[in-house]
Amino acid sequence: MIRFMGVKLASGLAAIFGASILAFIFLRIVPGNPARLILGPLATQQAIDAQITTMGLREPIYAQYLNYMGGFLRGNWGFSYSAGQPVTTQVANRLPATVELALYAFLFAFIAAVVLAVLSTYRRRAIIDGTVRGLAIIGLSMPPFWFGILVLMLFFSYFGILPGPEGRLSPTTAAPDAVTHLYTVDALLHGQFATFLDAVWHLILPAITLGLAPFAFLVRLLRANLLDVSHEAFIVVVRSKGIGRLWAFARHALPNAFLPTLTAAGLILAQLLSGSVLVEKVFNWPGIGALVSDSIVRQDYAVVQAFILLSAFCFVVVNIIVDLLYHVIDPRVRVS
Amino acid sequence: MSDSKAIGARATRTSKVEHTAGDPPEAETVLSVRHIQTEFVTRGTVVRAVRDVSFDVKRAQKVGIVGESGSGKSALALSILGLIEPPGRVTGGSVWLNGREVPLRDDRRMGRVRGREIGLVFQDPMTALDPVQSIGDQVAEGIRRHQRRISRKAVRRMAVQLLQDVEIPMADHRLDDYPHQYSGGMRQRIMIAIALANSPDVLIADEPTTALDVITQAQIMDLLERLVAEHHTAVILITHNLGLVAEFCDVVQVMYAGRLVERSGVDDIFDGATHPYTEALLRSVPRSDHLESGPLPSISGAPPNLAALPRGCAFEPRCPIGHGREVCIQEQPMPILLGPPGAEMRVECHFASERYERARAEGETR
Amino acid sequence: MASSAEPRQAASQRSAGNGPRRDTPITRIGRGLAYLWHDPVLASGLALGALLVVVAALGPLVWTASPFAIDVGSSLQPPSLTHPMGTDSVGRDLLARFDQGARISLATGAIVVVVSALIGGAIGITAGYLGGWLDILLMRMIDAILAFPPLVLAMAVTVGLGVGVTTSAIGIILTAVPFYARLLRSDVIRLKALPLIEATAALGATRTRIMLRHILPHLVSTLLIQAASVFGYAILSLAALGFVGLGAQVPTPEWGTMITNGLQYALTGQWWIALFPGLGLLLAVTATSQIADRGRDIFDPRSR
């Protein structure tokens, strides 16, 4: 077990190392002239040369890499010239919005996937099953940014029942006092029920949009697993004890079908991370994703670089956690 | 069954059997199966897995059901339990337990019968247990389902007792283990413990030893024998191992193409089968008391296609007696009762009486 | 997915009924069409795909309006007979731009599929077939790529190489390579252990010959299915990069950038600007996922 954890951690670290080199290569070496970008087109050549030196760009490549990674690990993620702020500050300010949105998106994806996968396999009605499979294909094929625009046009412009792209709260609602920085949680903690409702109201469309791809992915996986498991002999045996269909399904088929989906957690995180870049812009959601896409347009790549490294880091860490978790949960792996 | 040897003393009776769905079963009978029909429908083709099967099982009686793969044995077992899943469906017939009709088509009410009055031991012990639940939980699940008012501790005590009954060493300790930590034979013991948890009147054992090695097989059968004797449980043993049937059962039922073609006392059938299919089946088994040279005979021809069954007897194309005969091609044979009253003999063959009489005559001259 | 058995059976029955087997291209096509008749999912996917290819190829020939001609006088016009998909904020005809966008998307998708299949296939087959330190080295490289969420890595590459359709395509190729490499590697390892291959090797066939003559043909179905999914992934990613401003630049009528362009008008009533390019994307990707999905059902008996 300890050996296994060691191997997993080592390969995870190796992946992060490789990923950081890749990120560094693409972001540091290739773009033409970062100093020019920072100082603007009107700067003199002298100023640019000076800037290049202060940025350490004259040092050998490996030294540049070590400098950058050293800084990154110490919390110095670079300076965003367009915002005039350290990237760390910006990310810290915007992280809660992204986390809250991603949480609700995941919640939506998970619940919807479980419900629909169960519906399509529990009674095995061809119509329901066909619909669910169709939804999964469409969900995976849907450009999330376009879907966001579509639901906004429908539910905000046309029906007028859900808020437009105005961020996390209505302009007239004050943010609740910060405890967790997640508005829904903070509002409940302070008993501000109206604020809570307003926050939930603003979360519906972005969360569904962001959750669509993970939903489609999960529902496919779960459906296939459930079909496999429900053909297993142990389900018949459970039923032969007098256990009802529903209970046998919930207590035996579902846990067995869920186990393999755990390995997909990394993929879902990837979908949420890249999805946030696409979806937050549509809804003017003040999160990291919108920050990244704004920075791209402003060619302020310090933010983009930090985001890319951070994503790789989260991705690898989640995959390691999943591997370890697997060993805790699955009795077959646990003992051996 | 020992008196069945006195064939000459028997008053022969041959008559067609007519069960009706409403028959009140006899007093001694724990399980009555009446005219069960089970079909599987896939895209327009109807596979008739079980066709009009009727039989009775008495208290503590051990009935063997034999037949080739695909003859409908397992489908029959699941039909009796009401566990046929779509696209399959029990399309007709009834099942009676202790004189009461079982609510086959009402899954909720059926849940009160399954596990309490009928238990099931399933074929493959490797896949018959939920891999992510502890053995204890899986044993306890059946107890808790039918005995609601007992404490957790009592359930655990009962589970330990059950594991001890099926001779699992260190039962208390092993209760918290998971299926993959058990060997195949041990898992089959667990299966038996689960099936007997609520002392059912009938136990259906579907190929309980097929996946096991010979020594473990013998151990499991001994265990089963001891336990059903203690509980006075009737057993329906489904198998294609005729040797197992000869050793374990009182009565043999032979299935072919979804029908029960012959039912006889175990001694009768091994002395000389009446149905040509049974005869062929017996000949294809190596026996230590018939050590003849030459290859083992096999049944020529292929098993019938259950989606396109002939009008008459399903065995006709392969039958050494009836092949090509008009009556066999045109008419489905009806069950014929043979032997003295109370004899467990019932054969579906147009030539059953004839063959039975001849066999009896040969027996007398011998 | 239990339905997969039936059309296959139907098709094989049909082909068996063809009497003496003459395998001319025409009978092959006939059998293919007969097969499709029994498989509406695959048929609809193929039909949709074909439709989009036709739109991309012939659209600009039939609808001759310029995708670039600015006409401020007729800006933001809703769909009408003169502009079936309406016009954008500077009065460009959106149908012409849609057609052009289809060309860009499908062409980029095709290039990404082919190039990443060549690179990824070569890596996967080499690693799987030769094994040893080369396998370890190549797979560590693949792992490094897989340590990124794919779209994020494609963004990084595009930022690094400079924005545009070509650089986006390079980024997408980089992220698509591991899909092929991983899959083909495991397939090759599986095939290598087959008695057939071992026997061929025992008969003295060279490595290259075994690889080309015996292993490669077995990989074709895997490759084709993977190609279909990568195609969908590629056009979706290209549009996503375009949407955040990394892909095609302003006057280029790429579907993703067209959606960005329509974003600011979507909520003020000009729904058509963002609607049609998105619809095109959705249809294209749905078609390819359907094809990939059914392909997997048909070729891979393990997945149901």
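Which helices of chain A each supply at least two residues of the nonpolar patch?

1. In this predicted model, the helices that each supply at least two residues of the nonpolar patch are α5 (87-122) and α6 (126-141) of chain A. The patch lies on the surface and is formed by A:F106, A:L107, A:F110, A:I111, A:V115, A:L119, A:I127 and A:I128, which together have about 700 Å² of accessible area. Of the contributors, α5(A) gives the most, with six residues.

2. One member of the patch can be looked at on its own: A:L107 lies in helix α5 of chain A, and its relative accessible area is 46%. A:L107 is therefore described as partly exposed, because that term covers values between the 20% limit for buried and the 50% limit for exposed.

3. On the contact between chain C and chain A, the two chains bury about 3900 Å² between them, and 78% of this area is on carbon and sulfur atoms. Chain C brings 44 residues to the contact, while chain A brings 49 residues. Across this interface of chain C and chain A, the rule finds zero salt bridges.

4. A word on confidence concerns chain B, where the pLDDT averages 81 and 88% of the residues score at least 70. Over residues 1-25 of chain B, however, the pLDDT is below 50, although this stretch has 56 contacts in the model beyond near neighbours in sequence. Where pLDDT is low, the predicted coordinates should not be read in detail.

Technical notes: Residues numbered from 1 in each chain as written. Chains lettered and ligands numbered in written order. Predicted model: local features only at pLDDT ≥ 70, side-chain atom pairs only at ≥ 80, totals over all residues. Heavy atoms only, no water. pLDDT = per-residue confidence, 0-100. Contact = heavy atoms within 4.5 Å. Patch = residues over 30% accessible without salt bridge, like charges linked within 9 Å, V, L, I, M, F, W, Y side chains within 5 Å. Areas by Shrake-Rupley, 256 points an atom, 1.4 Å probe, with all protein chains shown as cover. Salt bridge = Lys/Arg side-chain N within 4 Å of Asp/Glu carboxyl O. Helix = DSSP H or I, 4+ residues; strand = E, 2+ residues; numbered from the N terminus. Buried < 20%, exposed > 50% of the residue type's maximum accessible area, 1.4 Å probe, protein only. Buried area = accessible area lost by both parts, 1.4 Å probe.
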